[in-house]
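Student: I have a model open and want to go through the ligand site. Can you take my questions as they come?
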Amino acid sequence: MKFEILTLFPEMIMDSLRTSILGRAMEKGIISAKAVNIRDYADNKHHSVDDYTYGGGAGMLMQAQPVYDCIHAVLTEDAEKIEEETEKSVRDILKERKQTRVIYVTPQGRVFDQAMAEEFSKAEELIFLCGHYEGIDERVLEETVTDYVSIGDYVLTGGELPALVMIDAISRLIPGVLGSEESAPGDSFQNGLLEYPQYSRPAVWHGKEVPKILLSGDHAKVDAWRLEQSIERTRERRPDLFAAWEAAEQERIEREKAEKLRLKEERRRLRELNDDRSQGTV
Ligand code: ADE
(Lines give C-alpha, C1' and ligand atoms only; values in the text may rest on other atoms or scores of the structure.)
Protein backbone atom coordinates (compact mmCIF):
# COMPACT_ATOMS: atom_id res chain seq x y z
CA MET A 1 0.00 0.00 0.00
CA LYS A 2 1.25 3.39 -0.97
CA PHE A 3 0.08 6.43 1.05
CA GLU A 4 0.76 9.96 -0.18
CA ILE A 5 -0.32 12.84 2.03
CA LEU A 6 -0.59 16.24 0.35
CA THR A 7 -0.27 18.91 3.00
CA LEU A 8 1.14 22.29 4.01
CA PHE A 9 2.67 20.62 7.10
CA PRO A 10 4.63 17.57 5.90
CA GLU A 11 6.72 17.29 9.09
CA MET A 12 3.53 16.83 11.13
CA ILE A 13 2.73 13.72 9.09
CA MET A 14 6.16 12.14 8.83
CA ASP A 15 7.15 12.67 12.49
CA SER A 16 4.04 10.84 13.52
CA LEU A 17 4.17 8.02 10.94
CA ARG A 18 7.81 7.18 11.57
CA THR A 19 7.11 6.15 15.15
CA SER A 20 5.67 2.88 16.45
CA ILE A 21 3.99 0.13 14.47
CA LEU A 22 3.55 2.04 11.21
CA GLY A 23 7.22 3.05 11.16
CA ARG A 24 8.18 -0.61 11.49
CA ALA A 25 5.79 -1.55 8.64
CA MET A 26 7.43 1.15 6.49
CA GLU A 27 10.89 -0.21 7.27
CA LYS A 28 9.72 -3.69 6.32
CA GLY A 29 8.37 -2.30 3.03
CA ILE A 30 4.80 -3.45 3.69
CA ILE A 31 3.53 0.12 3.41
CA SER A 32 5.12 3.28 2.09
CA ALA A 33 4.17 6.78 3.12
CA LYS A 34 5.27 10.12 1.79
CA ALA A 35 4.20 13.63 2.76
CA VAL A 36 4.25 16.07 -0.15
CA ASN A 37 4.30 19.82 0.44
CA ILE A 38 1.60 21.48 -1.66
CA ARG A 39 3.50 24.79 -1.34
CA ASP A 40 6.32 23.35 -3.50
CA TYR A 41 3.89 23.39 -6.43
CA ALA A 42 2.78 27.04 -6.17
CA ASP A 43 3.68 28.74 -9.45
CA ASN A 44 4.22 32.22 -7.97
CA LYS A 45 7.50 33.52 -6.63
CA HIS A 46 6.28 33.86 -3.04
CA HIS A 47 5.03 30.26 -2.99
CA SER A 48 1.70 31.43 -1.70
CA VAL A 49 -1.11 28.84 -1.89
CA ASP A 50 -4.13 30.78 -0.60
CA ASP A 51 -6.24 33.78 -1.55
CA TYR A 52 -9.47 35.59 -0.63
CA THR A 53 -12.78 33.93 -1.48
CA TYR A 54 -14.98 35.32 -4.27
CA GLY A 55 -18.21 36.68 -2.89
CA GLY A 56 -16.61 37.79 0.34
CA GLY A 57 -16.58 36.11 3.70
CA ALA A 58 -13.99 35.52 6.36
CA GLY A 59 -10.78 33.59 5.82
CA MET A 60 -8.60 32.44 2.98
CA LEU A 61 -9.06 29.58 0.55
CA MET A 62 -6.45 27.19 -0.85
CA GLN A 63 -6.17 27.84 -4.58
CA ALA A 64 -6.76 25.31 -7.32
CA GLN A 65 -3.40 25.55 -9.15
CA PRO A 66 -0.94 24.28 -6.51
CA VAL A 67 -3.35 21.54 -5.38
CA TYR A 68 -3.94 20.30 -8.93
CA ASP A 69 -0.25 20.35 -9.89
CA CYS A 70 0.69 18.56 -6.68
CA ILE A 71 -1.82 15.74 -7.29
CA HIS A 72 -0.76 15.49 -10.93
CA ALA A 73 2.93 15.28 -9.96
CA VAL A 74 2.25 12.54 -7.41
CA LEU A 75 0.24 10.52 -9.92
CA THR A 76 2.87 10.78 -12.65
CA GLU A 77 6.14 10.71 -10.70
CA ASP A 78 6.84 7.08 -11.63
CA ALA A 79 6.05 7.86 -15.25
CA GLU A 80 8.24 10.93 -15.59
CA LYS A 81 9.79 9.70 -18.82
CA ILE A 82 6.54 8.48 -20.34
CA GLU A 83 5.30 11.67 -21.89
CA GLU A 84 1.91 10.28 -22.82
CA GLU A 85 1.12 9.69 -19.16
CA THR A 86 2.34 13.07 -17.90
CA GLU A 87 0.24 14.88 -20.48
CA LYS A 88 -2.98 13.24 -19.32
CA SER A 89 -5.31 15.05 -16.94
CA VAL A 90 -5.74 13.86 -13.35
CA ARG A 91 -9.27 12.79 -14.21
CA ASP A 92 -8.09 10.60 -17.13
CA ILE A 93 -5.28 9.04 -15.10
CA LEU A 94 -7.70 8.18 -12.27
CA LYS A 95 -10.17 6.65 -14.75
CA GLU A 96 -7.47 4.15 -15.71
CA ARG A 97 -6.23 3.50 -12.18
CA LYS A 98 -9.18 2.07 -10.33
CA GLN A 99 -6.90 1.08 -7.41
CA THR A 100 -5.91 4.71 -6.72
CA ARG A 101 -8.17 6.90 -4.60
CA VAL A 102 -7.85 10.62 -3.92
CA ILE A 103 -9.39 11.26 -0.51
CA TYR A 104 -10.27 14.82 0.49
CA VAL A 105 -10.25 14.97 4.26
CA THR A 106 -13.14 17.25 5.20
CA PRO A 107 -15.91 17.58 7.80
CA GLN A 108 -18.29 17.56 4.80
CA GLY A 109 -17.44 13.94 3.93
CA ARG A 110 -18.89 10.50 4.67
CA VAL A 111 -18.02 9.62 8.27
CA PHE A 112 -15.10 7.19 8.45
CA ASP A 113 -15.76 3.82 10.08
CA GLN A 114 -14.29 0.31 10.23
CA ALA A 115 -16.09 -0.80 7.05
CA MET A 116 -14.51 2.12 5.16
CA ALA A 117 -11.10 1.27 6.64
CA GLU A 118 -11.52 -2.26 5.29
CA GLU A 119 -12.59 -1.00 1.86
CA PHE A 120 -9.65 1.43 1.61
CA SER A 121 -7.16 -1.22 2.83
CA LYS A 122 -7.78 -3.10 -0.45
CA ALA A 123 -6.62 -0.20 -2.65
CA GLU A 124 -3.07 0.07 -4.01
CA GLU A 125 -2.56 3.79 -3.58
CA LEU A 126 -4.32 6.30 -1.32
CA ILE A 127 -3.70 10.00 -1.79
CA PHE A 128 -4.91 12.12 1.14
CA LEU A 129 -5.55 15.78 0.41
CA CYS A 130 -5.37 17.85 3.59
CA GLY A 131 -7.07 21.24 3.52
CA HIS A 132 -6.32 24.29 5.63
CA TYR A 133 -7.69 27.80 6.02
CA GLU A 134 -11.35 27.87 4.94
CA GLY A 135 -11.02 24.94 2.55
CA ILE A 136 -10.04 24.40 -1.10
CA ASP A 137 -11.35 25.93 -4.35
CA GLU A 138 -14.31 23.75 -5.36
CA ARG A 139 -13.19 23.42 -9.01
CA VAL A 140 -10.04 21.45 -8.22
CA LEU A 141 -11.97 19.17 -5.88
CA GLU A 142 -14.42 18.38 -8.69
CA GLU A 143 -11.52 17.53 -11.01
CA THR A 144 -9.54 15.30 -8.67
CA VAL A 145 -11.32 13.90 -5.62
CA THR A 146 -12.73 10.36 -5.61
CA ASP A 147 -13.83 10.28 -1.92
CA TYR A 148 -14.85 12.95 0.59
CA VAL A 149 -14.23 11.62 4.10
CA SER A 150 -14.71 13.06 7.61
CA ILE A 151 -13.59 11.54 10.90
CA GLY A 152 -16.56 12.87 12.83
CA ASP A 153 -18.98 15.71 13.35
CA TYR A 154 -16.57 18.31 14.72
CA VAL A 155 -14.24 20.77 13.02
CA LEU A 156 -10.45 20.59 13.30
CA THR A 157 -7.90 23.16 12.14
CA GLY A 158 -6.68 21.01 9.26
CA GLY A 159 -6.83 17.63 7.58
CA GLU A 160 -3.52 16.25 8.90
CA LEU A 161 -4.83 14.64 12.10
CA PRO A 162 -7.83 13.06 10.34
CA ALA A 163 -5.50 11.71 7.59
CA LEU A 164 -3.24 10.19 10.27
CA VAL A 165 -6.22 8.63 12.03
CA MET A 166 -7.39 7.03 8.79
CA ILE A 167 -3.92 5.84 7.77
CA ASP A 168 -3.51 4.17 11.16
CA ALA A 169 -6.88 2.39 10.98
CA ILE A 170 -6.28 1.29 7.36
CA SER A 171 -2.66 0.16 7.83
CA ARG A 172 -3.37 -2.16 10.72
CA LEU A 173 -5.71 -4.15 8.43
CA ILE A 174 -2.95 -4.78 5.87
CA PRO A 175 -1.47 -8.27 6.29
CA GLY A 176 1.91 -8.17 8.03
CA VAL A 177 1.57 -4.69 9.54
CA LEU A 178 0.55 -6.04 12.94
CA GLY A 179 2.67 -8.79 14.46
CA SER A 180 0.73 -11.94 15.30
CA GLU A 181 0.76 -10.96 18.97
CA GLU A 182 -0.79 -7.58 18.15
CA SER A 183 -3.38 -8.64 15.61
CA ALA A 184 -6.74 -8.93 17.20
CA PRO A 185 -9.51 -10.76 15.41
CA GLY A 186 -11.68 -9.88 18.43
CA ASP A 187 -11.22 -6.15 17.66
CA SER A 188 -14.13 -3.88 18.37
CA PHE A 189 -16.33 -3.45 15.24
CA GLN A 190 -14.79 -6.43 13.43
CA ASN A 191 -18.02 -8.39 14.05
CA GLY A 192 -20.27 -5.38 14.62
CA LEU A 193 -19.75 -5.55 18.39
CA LEU A 194 -17.42 -3.86 20.87
CA GLU A 195 -14.56 -5.93 22.21
CA TYR A 196 -15.01 -7.92 25.45
CA PRO A 197 -13.12 -6.87 28.64
CA GLN A 198 -9.58 -8.24 29.01
CA TYR A 199 -7.36 -8.97 32.02
CA SER A 200 -3.68 -9.63 32.65
CA ARG A 201 -1.63 -10.59 35.74
CA PRO A 202 -2.00 -10.42 38.71
CA ALA A 203 -5.16 -12.52 39.16
CA VAL A 204 -6.17 -10.25 42.06
CA TRP A 205 -5.51 -6.48 41.92
CA HIS A 206 -6.83 -3.93 44.43
CA GLY A 207 -9.03 -6.74 45.73
CA LYS A 208 -10.60 -7.24 42.28
CA GLU A 209 -10.51 -10.78 40.88
CA VAL A 210 -10.19 -11.78 37.26
CA PRO A 211 -13.44 -13.52 36.16
CA LYS A 212 -13.03 -17.20 37.16
CA ILE A 213 -14.01 -18.56 33.75
CA LEU A 214 -10.87 -17.02 32.20
CA LEU A 215 -8.70 -19.19 34.48
CA SER A 216 -10.65 -22.38 33.68
CA GLY A 217 -8.70 -23.37 30.54
CA ASP A 218 -12.01 -24.28 28.84
CA HIS A 219 -11.69 -22.46 25.51
CA ALA A 220 -15.28 -23.03 24.39
CA LYS A 221 -16.60 -21.59 27.64
CA VAL A 222 -14.17 -18.64 27.45
CA ASP A 223 -15.34 -17.90 23.88
CA ALA A 224 -18.99 -18.05 24.90
CA TRP A 225 -18.33 -15.74 27.89
CA ARG A 226 -16.48 -13.25 25.69
CA LEU A 227 -19.27 -13.14 23.14
CA GLU A 228 -21.81 -12.58 25.91
CA GLN A 229 -19.68 -9.75 27.35
CA SER A 230 -19.27 -8.18 23.90
CA ILE A 231 -23.03 -8.22 23.37
CA GLU A 232 -23.73 -6.78 26.85
CA ARG A 233 -21.09 -4.07 26.51
CA THR A 234 -22.36 -3.03 23.07
CA ARG A 235 -25.97 -2.91 24.34
CA GLU A 236 -24.92 -0.65 27.22
CA ARG A 237 -22.37 1.63 25.58
CA ARG A 238 -23.40 1.76 21.92
CA PRO A 239 -27.15 1.14 21.55
CA ASP A 240 -26.87 2.26 17.89
CA LEU A 241 -24.35 -0.48 17.08
CA PHE A 242 -26.31 -3.00 19.13
CA ALA A 243 -29.52 -2.34 17.17
CA ALA A 244 -27.67 -2.86 13.86
CA TRP A 245 -26.01 -6.07 15.16
CA GLU A 246 -29.34 -7.41 16.46
CA ALA A 247 -31.05 -6.76 13.13
CA ALA A 248 -28.22 -8.50 11.24
CA GLU A 249 -28.37 -11.46 13.67
CA GLN A 250 -32.12 -11.76 13.18
CA GLU A 251 -31.63 -11.76 9.41
CA ARG A 252 -28.93 -14.44 9.69
CA ILE A 253 -31.18 -16.66 11.84
CA GLU A 254 -34.06 -16.27 9.36
CA ARG A 255 -31.74 -17.13 6.46
CA GLU A 256 -30.47 -20.24 8.24
CA LYS A 257 -34.04 -21.33 9.03
CA ALA A 258 -35.09 -20.89 5.40
CA GLU A 259 -32.04 -22.86 4.21
CA LYS A 260 -32.80 -25.72 6.64
CA LEU A 261 -36.38 -25.84 5.44
CA ARG A 262 -35.24 -25.89 1.81
CA LEU A 263 -32.86 -28.80 2.47
CA LYS A 264 -35.56 -30.71 4.34
CA GLU A 265 -37.97 -30.24 1.45
CA GLU A 266 -35.33 -31.35 -1.07
CA ARG A 267 -34.61 -34.50 0.95
CA ARG A 268 -38.35 -35.25 1.12
CA ARG A 269 -38.70 -34.89 -2.66
CA LEU A 270 -35.72 -37.18 -3.27
CA ARG A 271 -37.17 -39.77 -0.90
CA GLU A 272 -40.50 -39.66 -2.78
CA LEU A 273 -38.73 -40.03 -6.10
CA ASN A 274 -36.77 -43.03 -4.80
CA ASP A 275 -39.96 -44.64 -3.41
CA ASP A 276 -41.73 -44.15 -6.76
CA ARG A 277 -38.75 -45.67 -8.58
CA SER A 278 -38.61 -48.72 -6.33
CA GLN A 279 -42.36 -49.24 -6.77
CA GLY A 280 -41.89 -49.01 -10.52
CA THR A 281 -44.27 -46.06 -10.89
CA VAL A 282 -41.59 -43.88 -12.63
N1 ADE B 1 -10.93 18.81 8.68
C2 ADE B 1 -11.40 19.56 9.66
N3 ADE B 1 -12.21 18.88 10.45
C4 ADE B 1 -12.29 17.62 9.94
C5 ADE B 1 -12.99 16.44 10.29
N6 ADE B 1 -13.79 16.37 11.33
N7 ADE B 1 -12.83 15.35 9.54
C8 ADE B 1 -12.03 15.41 8.47
N9 ADE B 1 -11.34 16.49 8.08
C10 ADE B 1 -11.48 17.60 8.81
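Student: Which strand gives the most to the shell around the ligand?
Tutor: β5 does, with three residues. Strands here are DSSP runs of E, at least two residues, numbered from the N terminus. β5 (100-111) and β7 (147-150) each supply at least two shell residues.

Student: What am I looking at, source-wise?
Tutor: This is a predicted model, where local features need pLDDT of at least 70, side-chain atom pairs count only at pLDDT 80 or more, and totals for chains, interfaces and linings use all residues. Residues are numbered from 1 along each chain as its sequence is written, and side-chain values use heavy atoms, with hydrogens and water left out.

Student: How do the shell residues divide into nonpolar, polar and charged?
Tutor: Eight are nonpolar, four polar and no residue is charged. Ala, Val, Leu, Ile, Met, Phe, Trp, Tyr, Cys and Pro count as nonpolar, Asp, Glu, Lys and Arg as charged, and the others, Gly among them, as polar.

Student: Which residues have a backbone N or O atom 2.7 Å or 2.9 Å from a ligand nitrogen?
Tutor: For Tyr154 the distance is 2.7 Å, and for Leu156 it is 2.9 Å. Gly152 also has a backbone N or O atom 3.2 Å from a nitrogen of the ligand.

Student: Switching topic: how many aromatic pairs are there?
Tutor: Three, counting rings of Phe, Tyr and Trp (its six-membered ring) whose centres lie within 6.5 Å. Phe3 and Phe128 make a tilted one, 6.4 Å centre to centre with 35° between the planes; under 30 degrees counts as stacked, over 60 as edge-to-face and the rest as tilted.

Notes: Polar contact = N/O pair within 3.5 Å; in protein donor to acceptor, adjacent residues only side chain to side chain. Helix = DSSP H or I, 4+ residues; strand = E, 2+ residues; numbered from the N terminus.
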